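Trainee: Got a minute to go through this model with me? I'd like to start with how the helices pack and then move on to the sheet.

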Amino acid sequence: MLVGDDIGESTEGTKVEVTVGDIDLDQPRAVLSQLNVWLNDEGQGVERGVQLRKRKRIIPMWKIVEASEVVTKNLPKTTRLRTLDPMKAIPHDDMVKLLKLCSEWRHNPNLVMQFGNVEAEIEFFASLVKADGWLKGDHIDLGLYLIRKRQQQLEEVEISDWTTTDVFFMNHIHTCFADNKRKKEQVGWKIRTSLVNVVNGKVPACGLDWQNTYKVYVPCMLQKYKHWVALEIDLIQCEIKVYDSMVSLIPDQSLKEELGPLSITIPNLLHTLDFYEEGVYANECTRDWWCPWPIHRVDVPQQANQGDCGMFVLKYIELLSAEISLATCTSQNMPFFRLKLAAEIARGDAYMP
């Protein structure tokens, strides 16, 4: 049994090969520890005579499916997102699959595994399972896709409380804002097709038409601070809520300035699409929606290190969309959540309630 740091050393100090069967699957930290040995040990590939980046071999793992292709799960009628247990143990079979997958990288660091639209090299999982490891946009996009896909799998979704964008949404917002920044009024704004497709639910995969939702969750990289936050675009209150795991990093005024393009672009985007003239929103907006939308920080659990902001963003969105308390969003639980996300990405499905 492998526990803690007892990894890969015999009593004589000679390295021994650890196999999946040696690892205690009931101890997530032991699993993470071994994954880090396989993925983050510097020079291991070179020691084995592997020429890194010599030639890539791409292995397809699973494909992105659209909402129309999702097969609804045959689950009890009482199964809803609200019954989701964030701390539910990861099935042993899934941990074995993840360990074997990462062991493949251990022996051949040139492998590239394709999860959805992401061609993942060894660094993809290395940074995901590493304590304090920085999550990139690909990590967050895959995590959010699996959350949206689960939403579709649970029930026939027509009108829902929520949907999410992908990380590229904010790039589209900034581009649109730059295109129109000299215009003082909302009339005549030029809106790119890329943004229209998001609002209409055509992208990202398994997203919903905003006309059929009340909240839109957005992952946002604050470029000036290199820090991930989660945003909630409230289509009823006509405001933007910020879920920030490190409020001490960014003053409120700086945050509002960085999110200013979103505050201005959203009402102009929706005006151009006659969003509040039809559907569930006709005459329901609670404020003058055509004005810049106010930005509010929400009091949420804070991270205790420098690298977990991306993981916090994913958990904020997952739990908020399920209407579950954020009490489990602690730095202490982030190693488990990292392992769980790695297992979900490997299997191509988020865990059901």
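**Helix packing, then the sheet**

Mentor: Sure: helix 10 (residues 309-321) and helix 11 (residues 334-347) pack at an angle of about 75°, and their axes are 11 Å apart. Axes here are lines fitted to C-alpha atoms, for helices over the stretch in contact, and angles run from 0 to 180 degrees between N-to-C directions. Helices (H or I, at least four residues) and strands (E, at least two) are DSSP runs, numbered from the N terminus.

Trainee: So are helix 10 and helix 11 roughly parallel or roughly perpendicular to each other?

Mentor: Roughly perpendicular. The cut-offs are under 35 degrees for roughly parallel, over 145 for roughly antiparallel, 65 to 115 for roughly perpendicular, and oblique for the rest.

Trainee: Which residues of helix 10 and helix 11 meet?

Mentor: From helix 10 you have Met311, Phe312, Leu314 and Lys315, and they meet Met334, Phe337, Arg338 and Leu341 of helix 11. By class, the contact of helix 10 with helix 11 has six nonpolar, two charged and no polar residues. For those classes, Ala, Val, Leu, Ile, Met, Phe, Trp, Tyr, Cys and Pro count as nonpolar, Asp, Glu, Lys and Arg as charged, and the others, Gly among them, as polar. Contact means heavy atoms within 4.5 Å.

Trainee: Before the sheet, what sort of model is this?

Mentor: It's a predicted model: local features need pLDDT of at least 70, side-chain atom pairs count only at pLDDT 80 or more, and totals for chains, interfaces and linings use all residues. Residues are numbered from 1 along each chain as its sequence is written, and side-chain values use heavy atoms, with hydrogens and water left out.

Trainee: And the chain overall: how many helices and strands?

Mentor: Eleven helices and eight strands. Of its 353 residues, 54% count as buried. Buried means under 20% relative accessible area, exposed over 50%, and partly exposed in between (1.4 Å probe, protein chains only).

Trainee: OK, the sheet. What's the strand order?

Mentor: Five strands form an open sheet in the order 4-5-6-7-8, with mixed pairing. Strand 4 and strand 8 (295-298) are the edge strands, each pairing on one side only. Two strands pair if DSSP finds at least two bridges between them.

Trainee: Which way do strand 4 and strand 5 run, parallel or antiparallel?

Mentor: Parallel, joined by three bridges. Tryptophan 162 has lysine 215 in strand 5 as its bridge partner. On the other pairing, strand 5 and strand 6 run antiparallel and are joined by eight bridges. There, lysine 215 has aspartate 234 of strand 6 as a bridge partner, and leucine 222 has histidine 227.

Trainee: What packs on the sheet?

Mentor: Helix 6 (residues 168-180) does, touching strand 5 and strand 6, and its direction makes about 80° with that of strand 5. Helix 5 (residues 137-154) lies across strand 4, strand 5 and strand 6, running at about 150° to strand 4. Strand 5 is mostly covered, with seven of its eight residues buried.

Trainee: How about threonine 163, buried or exposed?

Mentor: Buried, at a relative accessible area of 1%. Threonine 163 lies in strand 4 (residues 162-164). Leaving out residues up to four places away in sequence, threonine 163 touches several residues, among them Arg148, Leu208, Trp210 and Tyr217.

Trainee: Switching topic, any odd backbone spots? Where is the cis peptide bond?

Mentor: From valine 203 to proline 204, with omega near -5°. Proline 204 lies in the loop between helix 7 (193-199) and strand 5 (215-222). Cysteine 206 is in the loop between helix 7 and strand 5 too, and has a positive phi of about 65° although it is not a glycine.

Trainee: Why bother flagging those?

Mentor: Most residues other than glycine have a negative phi, and most peptide bonds are trans.

Trainee: Is cysteine 206 buried or exposed? And lysine 226, buried or exposed?

Mentor: Cysteine 206 counts as buried at 1% relative accessibility, while lysine 226 counts as exposed at 52%. Lysine 226 takes a positive phi near 50° in the hairpin of strand 5 and strand 6, which has four residues between the strands.
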